[in-house]
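Good morning, colleagues. Please look at the sequence and the structure on the screen while I take you through a few selected regions.

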Amino acid sequence: MITTGATSALSFLDQLNPQQREAVETTDGPVLILAGAGSGKTRVITYRIAYLIEHMGVMPESILAMTFTNKAAAEMGERVEKLVGGLSIAKPVISTFHSFCVRVLRRDIEAMRIPSATPGQPAIGHTKNFVIYDESDMQAVVKSVMKRLGLDDKQLTPRTVLSRISWAKNHMLDPQELYLQSADPKTEKIAHLYEEYRKELRKANALDFDDLLLEAVRLLKSAPQVREYYNRRFQYLLIDEYQDTNRPQYELMRMLAGDRHNVCAVGDEDQSIYSWRGADIRNILEFEQDFPEAKIIRLEQNYRSTQNILQAASAVVANNIRRKGKNLWTSRQGGTKIGYYEAPDGENEALFAADHIAKYLRAATEHGETPRAAVLYRTNSQSRLFEEAMRRYGLKYHVVGGFSFYERSEIKDLISYLKVIQNPDDTISLLHVINTPTRGIGKGTIDTLESLALETGLSLWGALGEALRRQLLPQRALASLKSFQQLIEDGRAILLGNFAGQLGSDVAQPEGSSESVWEPPLSAVQQGETLSSTHGADSESQDATAFDPTEFENFSFDFGAAEPVGPIDIHASVPPTESPAAEPTSGSKEPEIGATPADFPAPTVSTADLLKFLIDRTGYIKLLEEEDTPEAFSRIENLRELVNAAMDSRDRAETLDQFLDHAALVADADDYDARAQITLMSLHAAKGLEFPLCFSAAWKRACSRIRELCLCQRISKKNAACVTSA
């Protein structure tokens, strides 16, 4: 008997060509789908998920699909929802590699903690409240380590060090292995910096992007009970863009595959363009060696391009040496010929593209078409000339991979505050906000705290508490530090939902506390200090804590009825050293992988509420208003947008951890706007996108770079064209 679900499944299978249908229906055992460009691989992946759920009766939550960008994951999720949305409340897990690893680590990373040999000391290792360091955070750590070791960051730049560390991590090499492989003093120094860098991240309870993959793999290898849980949890595994996976991603796939080997890898060796970022093409070329029983299916019909474009691309990639081979074809015969223009210089090249695009936009508008054009280049730094040319022609354009919203200084400030509230041991974020807005904590005070942290082995937050307890600094500096400490502790109390108790403990003073050394700290506004400079001003202003609710009219920030307490005495006794109080978890129970928003307990106080509290207590917007410049008001609008994002996060019942994870994992490709008429972006970010008119620019510089790579890899010049084409 055929069920309604089976009939529905067969109906959408009729939309597939024979090869696509074979790829969808081959569900058990390892499958490698070699999907040529424009061959409908996303359709195959989503239909395969729908087929497993609707026709094979597989539970949605037992399916895991991983890809490389948030946009691709979201698109897959939307397509699957349209196909099988009404069949089950549960959803398949469709995620990027890094997002999936974050969720795994948030749930189980503490399984790798080692008991301390010192009685009474906490276990060694990361906790669930780890923070994720972005590029600027990572550079700050390396700069700090280099400064401590007396290394010149002009001869050996932090960016170079991080690039080499990332290369080592992508090849799963630890500092000792990198040192043993070193063939010059420079690499030996980098290996030493790598070891110190790891120590600093461990002390800060922080992970960088590469660590997310490495630690997830280490967790699955070292904790059998965790690995067995995920092997039971996920019965079917789909990997998109398999040709771009690196060694840790490959190991992750092998660990998750378990004994069933129900792995479906989708990729195209001719589209491998991320070797510079650690991608290992051997993963796709040697799939049959890893899974001898694997079935290979080729998708060779191209639905995207015309015959002229397909023939040109095929002629280029045919020169690739390491490939499995495909014969792409299309039913779209003919098509516009590929144009070629050799400009005398970069400015002329950009003006040529702008002029051609302007004519195209006019013609498309006259014919009632929706115009979309793209200019592609090798690196984001090459966008400047094209941006200037577009402005000269009065054309509106969208740059992908430019200055990220989360990299703006005011956004970075508030995100850093949230990180410190979540994890006070995050030294980099703490250094970012300890004097932002300026509150009288200068370089001398910070140097003293860093020296104390190095001497005692404490984090910077722990050193701050120790300096207060031992009164190691001048009274004004101590008052400023106490004010900052109280701000963070109040934020943590709000997150834990015991802010009223925190206020009560602040009010309850021990006898004789009036003789304390503490003086009332001045607010940032009272000190006359601004966000953009560190030199003081003597202008008088109202206190920063006088928050204007009209700035955020629609916000709700209610902690419940205030207790009838008197004014808070700031001469409170200082708690000894750092307070390892209960870790803020923003929820009582960690949800399972693949849980829906409804499964997440709503936090007592949302991230938006915390942001309002921070803006209020720091006087951030007041100071920007006092600057009274267009730039300052633009920054205020950015802060409003950040709070809007936090309110959206609250509506999805996300915790602070999840909000910060999302901010950390935003990628350049996620900034792409399909509605933009003109898009400027790198070739790598454009992978998988379609444009009626496309300019591939700056080839002279790209070809020079490719020739260098060819000489290094000892491949032919003829093959260089294929690499450039990719």
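In this predicted model, E54 has a relative accessible area of 11%. Because the limit for a buried residue is under 20%, E54 counts as buried. This residue belongs to helix α3, which covers residues 41-54. In sequence, E54 and S88 are separated by 34 residues, while in space their C-alpha atoms are 10.0 Å apart.

I turn next to helix α5, residues 97-108. How far apart should the ends of its twelve residues be? At 1.5 Å a residue, the expected span is 16 Å, and the end C-alpha atoms are indeed 16 Å apart, so the two values agree. Helix α5 is also mostly covered, since ten of its twelve residues are buried. Among the buried residues are F97, F100, V104 and L105, and also the charged positions R106, R107 and D108.

Finally, the sheet. Strands of a sheet pair through backbone hydrogen bonds, in either a parallel or an antiparallel manner. Here, four strands make an open sheet with parallel pairing, in the order β10-β11-β9-β12. Which strands lie at the edges? They are β10, residues 398-399, and β12, residues 693-696, each of which pairs on one side only. The pairing of β10 with β11, residues 678-682, is parallel and rests on two bridges. Within this pair of strands, V399 is opposite L680 of β11. Helix α16, residues 346-366, lies across β9 (373-377), β11 and β12. Relative to β12, helix α16 runs at about 175°.

Thank you for your attention.

Note on methods:
Residues are numbered from 1 along each chain as its sequence is written. This is a predicted model: local features need pLDDT of at least 70, side-chain atom pairs count only at pLDDT 80 or more; totals for chains, interfaces and linings use all residues. Side-chain values use heavy atoms; hydrogens and water are left out. Two strands pair if DSSP finds at least two bridges between them. Contact means heavy atoms within 4.5 Å. Axes are lines fitted to C-alpha atoms, for helices over the stretch in contact, and angles run from 0 to 180 degrees between N-to-C directions. Buried means under 20% relative accessible area, exposed over 50%, partly exposed in between (1.4 Å probe, protein chains only). The expected span of a helix is 1.5 Å times one less than its number of residues.
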